[in-house]
Amino acid sequence: MPYLRTIIDKNQLEEKPAPIKPVINVPPHIPTTYRYSDVKGGLLSTKNLTASEKGEKYEDYVGSLYKELNYHVIHEGRLKHRWDGSIDLICQYEIYTTLVQCKYYDRPNARIDVTDIYKFYGAVKYYSLKHLKEVVIGAFWTSLQGNSCAKAHDIATDLGIFFYEGVFIYERQ
């Protein structure tokens, strides 16, 4: 059987530069290690506030964090004056949209129900199907931390949702 001989041109041996990959602009983000100790201006008083008012102030605070990063923030639940579909804030930055669910609790025995995570995940997926030209990210914020939200944290992480726990903006009672 005859052997095949391949002649290689010397120029073919020179390395060609790697193709240039497009640069993707990553949106600014808040590290998931953010904690209530990082609150600027100190903790707020809950004196004479209803549970609804506490929740609204909590949403305002989280929204202000995104505004500091130049996001356009829409308070979804308040605009509709009804059930918000598990989305409290819509934070937009260029083609990126971060959907935010805020859960404020001041009861010591409170827990995050994992169904809250699944509902929010469904809302994020539904929104992303309706807004195909956007990169949609989910972020779940809660004042709880540790065992009271450990399972919810694990499920959120598995579903690709950023989970911010222990962000407590009020004085402890």
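The buried residues of helix 4 pack against helix 3 (114–130) and strand 5 (162–164). Contact here means heavy atoms within 4.5 Å. Buried means under 20% relative accessible area, exposed over 50%, and partly exposed in between, with a 1.4 Å probe and protein chains only. Helices (H or I, at least four residues) and strands (E, at least two) are DSSP runs, numbered from the N terminus.

This is a predicted model, in which local features need pLDDT of at least 70 and side-chain atom pairs count only at pLDDT 80 or more, while totals for chains, interfaces and linings use all residues. Residues are numbered from 1 along each chain as its sequence is written, and side-chain values use heavy atoms, with hydrogens and water left out.

**Helix 4 and what follows**

Helix 4 spans residues 150–158, and its buried residues are Ala 152, Ile 155 and Ala 156. They lie on the same side of helix 4, because they cover an arc of only 100 degrees around the axis. The arc is that of the directions from the helix axis to the C-beta atoms. An α-helix has 3.6 residues a turn, so residues three or four places apart point the same way. After helix 4 comes Gly 160, with a positive phi near 85 degrees.

Glu 165 sits in the segment after strand 5. Is Glu 165 buried or exposed? Glu 165 is buried, at a relative accessible area of 14%. A polar atom of the Glu 165 side chain lies 2.9 Å from the backbone nitrogen of Gly 146. A polar contact is a pair of N or O atoms within 3.5 Å; within protein, one must be able to donate a hydrogen and the other to accept it, and residues adjacent in sequence count only if both atoms are side-chain atoms.

**Overall layout**

The protein has four helices and five strands. Along the sequence they follow the pattern α-β-α-β-β-α-β-α-β. Of the 173 residues, 39% count as buried. Among contacts between residues at least 6 apart in sequence, 63% join residues at least 24 apart.

**Strand 3 and its neighbours**

Seven of the eight residues of strand 3 are buried, so strand 3 is largely enclosed by the rest of the structure. Two strands pair if DSSP finds at least two bridges between them. Strand 2 and strand 3 run antiparallel and are joined by five bridges. Strand 3 and strand 4 are parallel, with eight bridges.

Which residue of strand 3 is the bridge partner of Cys 91? That partner is Thr 98. Thr 98 also has Ile 137 as its bridge partner in strand 4.

Strand 2 and strand 3 form a hairpin with two residues between them. Strand 3, helix 3 and strand 4 make a right-handed β-α-β unit. A crossover is right-handed if, with the strands pointing away from the viewer, the path from the first strand over the helix to the second runs clockwise.

**Two nonpolar cores**

A nonpolar core is a set of buried Ala, Val, Leu, Ile, Met, Phe, Trp, Tyr and Cys residues joined through side-chain atoms within 4.5 Å. The largest has 22 residues, of which Tyr 58, Val 62, Tyr 66, Val 100 and Trp 141 touch the most other members. Helix 1 (51–68), strand 2 (89–93), strand 3 (96–103) and strand 4 (135–142) each supply at least two residues of this core. Helix 1 gives the largest share, five residues.

Leaving aside residues up to four places away in sequence, Val 62 touches Leu 89, Val 100, Cys 102 and Trp 141. A second, separate core has 19 residues, including Leu 99, Phe 140, Cys 149 and Phe 163.

**Exposed sites**

Three exposed residues are set out below.

| Residue | Place | Relative accessibility |
|---|---|---|
| Ala 51 | helix 1 | 64% |
| Asn 70 | loop between helix 1 and strand 1 (72–75) | 61% |
| Glu 94 | loop between strand 2 and strand 3 | 57% |

Most residues other than glycine have a negative phi, and most peptide bonds are trans. Asn 70 is not a glycine, yet its phi is positive, about 70 degrees. Glu 94 is not a glycine either, and has a positive phi of about 55 degrees.

How far apart in space are Ala 51 and Tyr 105? They are 8.7 Å apart, C-alpha to C-alpha, and 54 residues apart in sequence.
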